[in-house]
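Student: Could you walk me through how to read the overall build of a protein model?

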Amino acid sequence: MALPSADLGDGTYRNPVLDADWSDPDLLCVGDDFYLTASSFGRAPGLPLLHSRDLVNWTLVGHALQRLDPAREFRTPRPDCGVWAPALRHHDDRFWIFWGDPDHGIFQVNAPGIRGPWTRPHPVKEGKGLIDPCPLWDEASGEAYLVHAWAKSRSGVRNRLTGHRMRPDGTGVLDEGKVIVDADLIPGWFTLEGPKAYRHDGWFWIFAPAGGVETGWQGAFRSRGFFGPYEERVVLEQGNTPVNGPHQGGWVRTAAGEDWFAHFQQRGPYGRVVHLQPMRWGADGWPVLGDRGSPVAVHRKPKLPAQPPSAPATDDDFPGGRFARQWQWTANPQEGWATQHSGDGLRLSCVRTADAHDLRRLPHVLTQRMPGAAATVQVDLSLDSEEPGARAGLVVLGDAYGWIGLQRQPDGSVRLVHRFAERATGESSDTRSGPCRGERDAAPARPAPEGRARLWTEIGAGGRCRFSYDVGGGRQSSGQVFAATPWRWVGALLGLFALAPAGRGHAGAASFTRFRVTPTP
């Protein structure tokens with residue numbers, strides 16, 4: 001099951017078309033199919049792959065990156081690091097994804113089909129602060145190019161786009177690079193990033209956002225040569241709409257010749273949701289996005305064959321102990337975290353850890369994106385561990401987090417516990433170092449004599465979450481409202497976890513069944 005589609009069923013759609021944190025989207029059309037990928041940062045698997053036939057109804061079909069490299073860097077959570085702003089292209093009968101890791105450089109993977117098999121990551125250009133790369137294969141000349149932006153936090157450089165000639169096989173660049181757009185020279189422009197390169201009507205085009213994640217705008221640049229000089233124009237901005245910072249995404253042309261543009265909107269705890277804008281070319285040769293440069297809320301669907309309503313899945317019965325595609329670990333996974341079996345239900349090992357006091361430090365939290373609309377999350381939990389201090393639960397995970405679940409006590413009993421941790425203000429999003437604040441009780445512990453519980457969190461406006469439980473006496477509310485909190489670049493996540501204090505030997509497991517996300521009227 002999934003949350004409702006953006007398809008309104010009357011030939012129109014509503015924005016956002018993807019109402020969850022599908023950050024920094026890029027998309028393309030191959031034949032009758034559309035594909036989209038997005039940033040996945042430090043979670044694994046990474047580089048999600050979504051498919052649609054009409055740009056409105058989407059399903060998640062897989063991931064292009066099973067583990068993050070360098071593997072040693074992602075043994076522990078690094079929520080704002082890793083895979084930034086990928087570019088998805090189709091060239092030479094292969095799919096290609098280029099992305100920047102701000103700490104290591106630009107990488108690419110490629111595959112003969114969207115479902116793989118995908119190659120191992122290949123470094124294209126090494127260095128710190130290299131982000132948001134996009135390749136361009138110029139069919140007219142046979143030349144290949146690469147454009148990328150800069151992260152000031154790693155390089156001291158920002159507001160510039162650098163261009164390279166690239167090897168046609170995408171394995172590296174052929175020169176030292178040249179600044180092809182310096183936005184410090186454009187009055188009022190700052191934080192230029194996220195370039196996507198195209199050829200159209202004899203021009204080289206770069207679609208690139210500026211102005212910052214929450215309040216920025218979408219720019220378009222054009223030149224007769226890849227290395228410039230470029231002229232610029234703002235082609236999408238908030239205007240009089242409630243859609244703040246409508247920018248950073250990709251242009252796609254359908255087989256019917258229609259043009260569309262997908263971009264994100266930063267929505268606080270929900271992360272970056274995806275909007276779809278109509279696009280046309282004006283009489284002066286420049287693109288016109290949305291409603292004369294402002295985002296649309298409702299619009300007619302693309303002129304494509306009707307499709308059944310769909311959205312990326314959220315629910316899971318965990319058949320055979322396997323979890324569905326929407327789930328990601330908070331770092332590179334290890335053997336034994338989840339075990340397969342003959343029945344239904346997710347069986348998570350109570351992994352021993354010295355960081356039991358802070359879930360933000362744990363690589364073995366299994367997560368999925370928090371929905372951008374009001375919803376109720378429900379899961380059944382059984383704690384099958386005799387280890388004192390072993391615990392498992394449902395968490396709303398971010399820079400602050402709240403969780404509800406079960407914990408084994410020193411006297412052997414099991415109690416329902418509800419805890420939270422405050423925002424790690426001023427602390428690094430790299431959880432490998434630096435102090436982290438521990439948990440506090442959100443409500444008094446209560447007996448759970450059967451070692452089982454049904455758990456809920458109701459997600460309301462603004463990401464305000466209300467936890468509740470049933471340990472046999474009916475559903476009971478627990479604690480105060482918890483405000484879901486994003487990391488710097490990543491929205492809050494829904495998660496399942498099981499852990500035990502540091503020690504020796506196997507510490508048992510916890511079982512989760514019937515995970516459901518239901519829209520709240």
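Tutor: Let us take the fold and then the cores. This is a predicted model, where local features need pLDDT of at least 70, side-chain atom pairs count only at pLDDT 80 or more, and totals for chains, interfaces and linings use all residues. Residues are numbered from 1 along each chain as its sequence is written, and side-chain values use heavy atoms, with hydrogens and water left out.

Student: How many helices and strands does the protein chain have?

Tutor: Helices (H or I, at least four residues) and strands (E, at least two) are DSSP runs, numbered from the N terminus. Here there are 37 strands and one helix. The radius of gyration, taken over C-alpha atoms and compared with a globule rule of 2.2 Å times the number of residues to the power 0.38, is 23 Å; that is close to the 24 Å the rule gives for 521 residues, so the chain is as compact as a globular protein of that length.

Student: What percentage of the residues is buried?

Tutor: Buried means under 20% relative accessible area, with a 1.4 Å probe and protein chains only. In this chain, 61% of the 521 residues are buried.

Student: Which residues have the most contacts inside the largest nonpolar core?

Tutor: In soluble globular proteins, nonpolar side chains tend to be buried together. A nonpolar core is a set of buried Ala, Val, Leu, Ile, Met, Phe, Trp, Tyr and Cys residues joined through side-chain atoms within 4.5 Å. The largest has 44 residues, and L455, L496, F512 and F515 have the most contacts inside it. Strand β28 (residues 375–384) supplies the largest share, five residues. A second, separate core of 42 residues includes F41, A149, A208 and W487.

Technical notes. Buried means under 20% relative accessible area, exposed over 50%, partly exposed in between (1.4 Å probe, protein chains only).
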